[in-house]
Each structure stands twice: as C-alpha cells, then as structure tokens.
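Reader: I should like to go through this model term by term. For each label, please set the value against the definition.

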Amino acid sequence: MRWLALVVLDLAGCGFSAPCGSTACTATPDALDPADASLDADPSCAALWSFAPSNFTPCTMPVHSTVVLDSGVYTYTPQTGILTNGGTTRSLPSAGSPRVLAVSGFEIRAGVSLEIRGNEPLIIAVYGNSTIAGVLTVSANASTPGAGAATCTGQAGNDADSALTKSAGGGGAGGAFGTIGAGGGTGDTSTATKTLGGAEMAIEGSPTLEPLRGGCNGGSGGQEHNTAMADPGVGGGGGGAIQLSVRDALVLEGSARVQASGGGGGGANGISNGSGTHEGAGGGGGGSGGAIFLEGKTIAITPTVTVCANGGGGGGGSHNTNDGGAGADGPCAIDDAAGGTSDSTGVGGLGGTLGVNPRSGGAGGGADAGGGGGGGGAGRIRIRVANGASPTGFIVSPLPVLN
C-alpha cells in the first residue's frame with residue numbers, strides 16, 4: 001500500500017462572481033415534465049447563487065424537489081431520467097449537454113450507494129445544501145466504461161507475424177487522462193524482432209474539467225499467430241465524469257466515497273492450434289480514471305472521506321494454453337491497481353494513482369508468449385470553494401486541482 005494522503009485544501013480568494021450580475025434572472029418553468037409536481041421555478045435563483053458554477057447556467061434550469069437516498073443501492077441514467085432502487089423507480093428528468101440534474105437539495109445517507117450509468121457526463125446541481133455520507137460512483141467495471149467516459153482511440157497491441165512459426169501479440173496500451181497511459185509489452189517471437197505493444201498514450205483533457213469529460217479506455221491486445229487465433233485481452237473502460245455543484249453548503253462525511261476509477265484490462269486467452277504449435281495473445285490495457293468536480297459556496301470534508309479517480313491495471317498476456325489474468329479495476333484508495341498475471345513475464349502493468357504514473361506491460365518471456373497490457377493513467381479531480389473556507393484533511397487520489 002502506498003502512503004496515505006491527507007490533503008488540506010486552502011482555496012481563499014478564488015474570485016467567484018455572481019451568475020446573473022446586476023440583471024435579475026429567474027429559472028425557466030418546468031419544460032421537461034409538467035405533470036411532475038416536484039419541479040419548481042426557484043425565482044430566488046439570482047439572489048441566492050453567490051457564485052457562477054461551472055459548465056452550466058443555474059438560472060435556466062427546472063428544479064426538482066429535494067432528493068434523499070436513504071436505503072439500498074440506487075442507479076440513475078441521465079438520458080432516461082430514471083432513478084431506480086430495486087423494483088422502485090422515480091422520474092427525475094435531466095437536461096442539456098452535459099446532462100444537468102437540478103434539485104433543491106441532495107443527500108446520500110450512510111450505507112447507501114448511487115451509481116450513474118449511461119454515455120454522458122452528469123452535473124448534479126443543488127439549489128440548496130447537499131450531504132454525502134454514502135457512495136457516489138461513475139467508475140468503470142472491467143471493459144464497461146463509467147458514465148460519460150470518453151471514447152478514445154486506444155493504442156492496440158500489434159498482431160503477431162503470421163509468417164513466423166512462433167510469434168505472439170503485443171499488449172494494449174493503457175488509457176490516458178490526467179496522466180499518460182502506459183505502453184503495452186512486446187510479444188515474443190522466434191526471431192530478434194518482437195511484436196510491438198501499443199504505444200504510450202499522451203495526457204488528455206483539461207485540469208479545470210471545463211468542459212466536463214471522463215477518461216479514456218485502454219487499447220486491446222494484439223492477436224497471436226493467425227493459425228491459432230486465441231482471444232486477445234480487451235481494453236478496460238475509462239472512468240466516467242461527475243460534477244456536484246452546490247449553491248450553499250456541501251458536506252462529505254463519515255465513510256463517504258466519490259469514485260471515478262478506470263476498469264482493468266482483460267487477460268488474453270491461450271489456445272493450441274491443434275498441431276503442437278502454441279501461440280500467445282496480448283493483454284488489454286487498463287482504462288484511465290475519470291473526472292470528479294466538486295464545487296460549492298462552502299465545502300466541508302471529514303478525514304475519513306475518500307475521493308478517487310485511479311487507473312485500472314493492464315491485463316496479462318497468454319502463453320501456450322495458459323490464459324492471462326485480468327487487471328484489477330482502479331481502487332478507491334492510495335493503492336495502485338494490480339496488473340493481470342501471466343505464466344511468462346507478460347504481466348499487466350500497474351494502474352496510475354497518487355503521484356505515480358501507470359507502469360508498462362511486461363514483455364512476453366518466450367517465443368510464443370504475449371505481452372502484458374499497460375496500466376491506465378490516473379484521472380482528474382477538481383475542488384472549488386466559493387467563500388475560501390478550506391476543508392480539513394481527507395483521502396484523495398490523484399491530487400486535486402484547487403480553484
């Protein structure tokens with residue numbers, strides 16, 4: 001385990017400005033679902049939003065009544081506007097691009113989790129106070145990306161040379177976002193020329209998270225010798241994107257966790273071609289961490305809270321009939337995600353975390369051993385406090401941008 005980070009945020013003098021200036025503005029009446037009595041116009045918007053939130057205009061949003069998540073596991077899909085908890089559903093339409101869910105208040109109680117799903121980033125705009133004591137996640141799960149993850153051109157590992165009797169595929173590169181995505185390991189061959197893994201991916205996106213976007217997927221592994229055709233590892237999904245903008249007080253307390261971690265790259269499958277010749281395929285690269293953006297008039301975060309956007313581990317390359325192991329999803333801790341195993345040296349690279357770049361996939365260690373996938377890079381975290389009051393220490397990975 002890496003060292004524990006307790007970060008004290010000092011955001012005095014951030015220079016927030018009022019959203020409406022000297023001109024009064026009011027919220028637009030409900031244009032999404034007139035039958036939903038939980039929506040109101042909030043005519044006090046201009047007077048009460050004392051700062052200009054990022055990535056949306058608050059005075060034009062229809063506002064739902066307070067949302068309190070008090071028991072169980074919830075999912076919310078911005079595109080459909082449906083909040084589910086077991087067999088219970090509630091219509092909470094969102095609007096705009098990125099999607100904005102505007103509510104009078106927002107609370108996730110201890111022991112409760114909310115997972116955001118779908119293809120778009122989500123902004124939860126709170127026209128009052130918000131308390132998070134449970135889990136809010138837009139993390140990837142293996143190859144399934146988090147909500148709002150970017151679709152990136154993953155650096156796939158190269159396919160094996162079919163002219164060689166023994167040759168194995170290269171590992172895919174890890175996805176990039178706040179840090180690089182690590183390169184994939186080379187696949188071994190029966191010659192001095194090895195099969196290249198995917199190239200290192202360059203940093204993407206803006207530290208300010210304006211516009212709001214998620215992380216990148218990892219590249220897939222390269223195919224083995226084409227007479228055998230085992231399955232290369234698929235790239236891990238990128239972490240998604242979540243923004244929580246609170247007009248008044250935002251409190252994160254207890255065991256609260258806000259998570260946008262990348263998914264682990266898939267391990268390659270091994271196979272024999274039936275004639276005694278065995279080949280190896282490359283492991284998939286890990287997905288990068290995504291985006292977490294917290295802003296409010298005041299923000300209080302207790303030391304037991306964790307905010308994380310770590311990269312996923314790369315998948316292991318296959319060797320003969322032996323499969324490579326899958327890389328681990330990015331953890332919500334200071335630990336880096338483990339790479340997938342291999343019975344050769346084509347292990348997956350570790351995912352990126354606090355202050356540490358992801359590691360490259362291992363090179364296949366035999367004439368028919370595939371390369372490991374590279375680890376996914378860390379994501380991005382931004383925390384913005386309007387009145388300059390600093391939260392106390394809390395656990396965070398990677399380090400946030402403070403403004």
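Author: The exchange below takes up strands, disulfides, burial, pockets and cavities in turn.

Reader: On what basis are residues numbered and local features accepted?

Author: This is a predicted model, in which local features need pLDDT of at least 70 and side-chain atom pairs count only at pLDDT 80 or more, while totals for chains, interfaces and linings use all residues. Residues are numbered from 1 along each chain as its sequence is written, and side-chain values use heavy atoms, with hydrogens and water left out.

Reader: Why are β4 and β5 called paired strands?

Author: A strand is a DSSP run of E with at least two residues, numbered from the N terminus, and two strands pair if DSSP finds at least two bridges between them. Strand β4 covers residues 73-77 and strand β5 residues 82-85, and four bridges join them in the antiparallel sense. The two strands therefore count as paired. Within this pairing, T75 stands opposite T84.

Reader: What lies between β4 and β5?

Author: The two strands form a hairpin with four residues between them, and G81 in the turn has a positive phi of about 70°. A further hairpin is formed by β5 and β6, with two residues between them; there G86 in the turn has a positive phi of about 65°. Strand β6 (residues 88-91) is antiparallel to β5 over four bridges, and N85 has T88 as its bridge partner.

Reader: What makes β6 and β20 edge strands?

Author: The order of the open sheet is β6-β5-β4-β9-β12-β14-β18-β20, eight strands with mixed pairing. Each of β6 and β20 (395-397) has a single partner strand, so one side of each is left without a neighbour in the sheet. The twist averages 10° from one strand to the next, with axes being lines fitted to C-alpha atoms and angles running from 0 to 180 degrees between N-to-C directions. At the β20 edge, three bridges join β20 to strand β18 (residues 306-308), and these two run parallel. One of the bridge partners there is I395, which faces T306.

Reader: How do you know that C152 and C216 form a disulfide?

Author: A disulfide is a pair of cysteine sulfur atoms within 2.5 Å. The S to S distance of C152 and C216 is 2.0 Å, so the pair meets the definition. The angle about the S-S bond is -70°, and the link is left-handed. Both cysteines lie in the loop between β12 (135-137) and β13 (241-252), so the bond ties together parts that are 64 residues apart in sequence.

Reader: How many disulfides does the structure hold?

Author: The structure holds two. The other joins C308 to C332, with S to S 2.0 Å, and this link is left-handed at -110°. C308 is in strand β18 and C332 in the loop between β18 and β19 (380-385), 24 residues apart.

Reader: Why is C332 called buried?

Author: Buried means under 20% relative accessible area, exposed over 50%, and partly exposed in between, with a 1.4 Å probe and protein chains only. C332 has 18% relative accessibility and therefore counts as buried. C308, at 0%, is buried as well. For the other disulfide, C152 is buried at 13% and C216 at 0%.

Reader: What makes one space a pocket and another a cavity?

Author: On a 1 Å grid over the protein atoms alone, a cavity is a set of points where a 1.4 Å probe fits but cannot get out; a pocket is an open set with protein on both sides within 12 Å along at least five of seven lines, and lining residues have an atom within 4 Å of a point. Points are joined across faces, edges and corners, and a volume is the space filled by probe spheres set on them. The largest pocket holds about 250 Å³. Its lining has 19 residues, of which G118, T144, P145, G146 and A149 lie nearest the centre.

Reader: What is the volume of the largest cavity, and which residues line the cavity?

Author: The volume of the largest cavity is about 60 Å³. Among the lining residues are V67, Y76, F106 and I124.

Reader: How do you know which class the residues lining the largest cavity belong to?

Author: Ala, Val, Leu, Ile, Met, Phe, Trp, Tyr, Cys and Pro count as nonpolar, Asp, Glu, Lys and Arg as charged, and the others, Gly among them, as polar. By this rule the lining has eleven nonpolar, no polar and no charged residues.
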